[in-house]
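Colleague: Can you walk me through this one? I'd like to start with the core and then get to the cysteines.

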Amino acid sequence: KSHEELLIPPTPCHAKTNVMFLKTHKTASSTVLNIMFRFAERYNLTVALPADKLLHLGYPSTFVAHFVEGFETIGQNYNIMCNHLRFNPSEVKKVMAANTFYFSILRNPIPLLESSYIYYKDYVPAFRNSKNVNEFLQSPTRYYQPADYRSNIYARNIMWFDFGYNNNAKDDTNYTQAVLEEIEHNFHLILIADYFDESMILLKHTLCWDLDDVIYFKLNSRSQDTVQTLTPESEEQIKAWCSLDWKLYLHFNQSFWRRIEETIGLGVLAKEVDHLRTRQKELMETCLSEQEAVRKDHIRNKALLPFQSGAANILGYNLKQDLDNTTLRTCQKMVIPELQYTSYLYAVQHPYKKRKNVGLPLLWTSLQEK
């Protein structure tokens, strides 16, 4: 080290290990969940996992503490919470320690709605009854019946809903302002999926984590041929139809960039994003037999098949055949889909409980032989 470098003492900081991530829908949140799970394993942390047969924390019902496995005995001693839930601060606080760091992620409502449309096409009446996304957006109210509001949550202001608010509320300035302030009060950080790498760097700095803690392979994405092109009219319509989400996004996109400028600065950000991408590329070369995600019918190991939904072809990965055990373990953790990872962690944390049935071959035995 040069003489100058020694004069500046590094700012000591401790990795934050009590973290709650509100997992929103179609916002790259499965990739974040994978990052959280790997972090939990690295530091041997307790994860608030869905109870019994649940694969998420009671979603779309508003979250209550007993949706968490073992809450009655473990109480407020969970470190990590990141499975899907509909946010309810008072109940989450019963589960998570007082010094917990809360964060979430938002995505531009325009690509978000198109993604929801394809993914939830078969489940959501408003989507099912329309030919394609542009037809739906020409007159959403024709397809979106208020009576079906429970099954139609993905069709309008889904992020607003995930944060615990009424996604059909009237867009009134006082109301939206109050909600934005409440979210700012409840969450320490809101990331932006459209700038995912930048988000990971900001997260790393804010939580005092290492670069390797935020390295990821993109999970749960779909093949390009299932993406529908929105007309300019449709894009404008989304801003009006999902105006609550639009306001949410604009507000936190601004605060996101402000936070970056105030904390790390754009120069350091660019350098670290480069770093992240280089390291990611190295890992992909180490782990994957193809240097990219592959379509569902090309995934060799069915235990690594992501949950398939709607008209989307959800991509996954093939690992190289001849990896040594340690590398294999690292690589497997990078590519394991959400349901399998949840069920694996559940088996590790709650060995005496009945296994969760994810309808896929259960995880590689090698992972069970810890």
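Modeller: A nonpolar core here is a set of buried Ala, Val, Leu, Ile, Met, Phe, Trp, Tyr and Cys residues joined through side-chain atoms within 4.5 Å. Keep in mind that this is a predicted model.

Colleague: OK. How many residues are in the largest nonpolar core, and which have the most contacts inside it?

Modeller: The largest nonpolar core has 118 residues. Those with the most contacts inside it are Met-81, Val-95, Phe-103, Phe-136 and Met-200.

Colleague: What is Met-200 in contact with, leaving aside neighbours within four places in sequence?

Modeller: With those neighbours set aside, Met-200 is in contact with Val-32, Ile-35, Leu-191, Val-214, Tyr-216 and Leu-276.

Colleague: Now cysteines. How many disulfides does the structure hold?

Modeller: There are 2 disulfides. One is formed by Cys-13 and Cys-208, with the sulfur atoms 2.0 Å apart. That pair links distant parts of the chain, 195 residues apart.

Colleague: Is Cys-13 buried or exposed?

Modeller: Neither; Cys-13 counts as partly exposed because its relative accessibility is 49%, and the exposed class starts over 50%. Cys-208 counts as buried, at 17%.

Colleague: And which cysteine is joined to Cys-287?

Modeller: A disulfide joins Cys-287 to Cys-331. The torsion about their S-S bond is about -75°, so this disulfide is left-handed. The link of Cys-13 and Cys-208 is right-handed, with 85° about the S-S bond.

Colleague: Where do Cys-287 and Cys-331 sit?

Modeller: Cys-287 is in helix H14 and Cys-331 in helix H15, 44 residues apart. Both are buried.

Note on methods
Residues are numbered from 1 along each chain as its sequence is written. This is a predicted model: local features need pLDDT of at least 70, side-chain atom pairs count only at pLDDT 80 or more; totals for chains, interfaces and linings use all residues. Side-chain values use heavy atoms; hydrogens and water are left out. Buried means under 20% relative accessible area, exposed over 50%, partly exposed in between (1.4 Å probe, protein chains only). Contact means heavy atoms within 4.5 Å. A disulfide is a pair of cysteine sulfur atoms within 2.5 Å. Helices (H or I, at least four residues) and strands (E, at least two) are DSSP runs, numbered from the N terminus.
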